[in-house]
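Student: Hey, I've just opened this one and don't know where to begin. Can you walk me through it?

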Amino acid sequence: SQAQLKTAQSLPLTAVGDSVMLAGQAELSKIFPKMYINAVVGRQADMAAPCLSNLKKENLLAKNVLIGLGTNGPIQPADLQAIMQIIGGKRKVYWINVRVPSKSWQNQVNTFLVAAAQKYPNLKIINWYKYANNQPSWFYQDQTHPNNLGEVYYASFVARNILTE
């Protein structure tokens, strides 16, 4: 809605992710111009805690944190705990689940995130997998990274989930 778009224009948001988030960065930045994004190809969840810690030290960790990790491997409980500890209980955390059909850990990651949201009241899962799974035209040949069309759907879906919270 127009009201949501207006809210998005001034929403403080920090995003940490992998190549899927990197693919959607341009579209996300259009919706959330104040967003700080740190997305890197190949990033796994164990690399997030040091990144988030540095962002916190530099006062770049906003009250809303978007995470897009799990594409490149399973998430270990200790890594999730470290991530959530650094972010703290006062910030809202939005974690985009994964669609990586060629990898055995896809369902493991998504199930793990559902359980994590039960443990951490400030953690909301954005179910990209469910939304995009039957939309092969949104993805490049790898069926994981959104193409130009998919980037628009990715960014708007993520935004709707954050803005309707």
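Tutor: Sure. Start with β3, helix α4 (residues 77-87) and β4, which make a right-handed β-α-β unit. Keep in mind that this is a predicted model.

Student: OK, so how do β3 and β4 pair, parallel or antiparallel?

Tutor: Parallel: β3 and strand β4 (residues 92-96) pair over 4 bridges. For one contact to look at, find Leu 66, whose bridge partner in β4 is Tyr 94.

Student: And which strand do 4 bridges join to β3 besides that?

Tutor: Strand β1 (residues 14-17), and β1 and β3 run parallel. There, Thr 14 has Val 65 as its bridge partner in β3.

Student: Is β3 mostly covered or open, then?

Tutor: Mostly covered: 5 of the 5 residues in β3 (residues 64-68) are buried.

Student: Which β3 residues point which way?

Tutor: Asn 64, Leu 66 and Gly 68 point one way, while Val 65 and Ile 67 point the other way.

Student: Why the back-and-forth in a strand?

Tutor: Because in a regular strand the side chains alternate between the two faces of the sheet.

Student: New topic: what is β4 joined to by 4 bridges, apart from β3?

Tutor: β5, and β4 and β5 run parallel. Val 93 stands opposite Leu 123 in β5.

Student: Which helix does the chain go through from β4 to β5?

Tutor: Helix α5 (residues 106-119), and that β-α-β crossover is right-handed.

Student: What about the residues of β5, buried or exposed?

Tutor: Buried, on both sides: Leu 123 and Ile 125 point one way from β5 (residues 123-126), and Lys 124 and Ile 126 the other way.

Conventions
Residues are numbered from 1 along each chain as its sequence is written. This is a predicted model: local features need pLDDT of at least 70, side-chain atom pairs count only at pLDDT 80 or more; totals for chains, interfaces and linings use all residues. Side-chain values use heavy atoms; hydrogens and water are left out. Buried means under 20% relative accessible area, exposed over 50%, partly exposed in between (1.4 Å probe, protein chains only). Helices (H or I, at least four residues) and strands (E, at least two) are DSSP runs, numbered from the N terminus. Two strands pair if DSSP finds at least two bridges between them. A crossover is right-handed if, with the strands pointing away from the viewer, the path from the first strand over the helix to the second runs clockwise.
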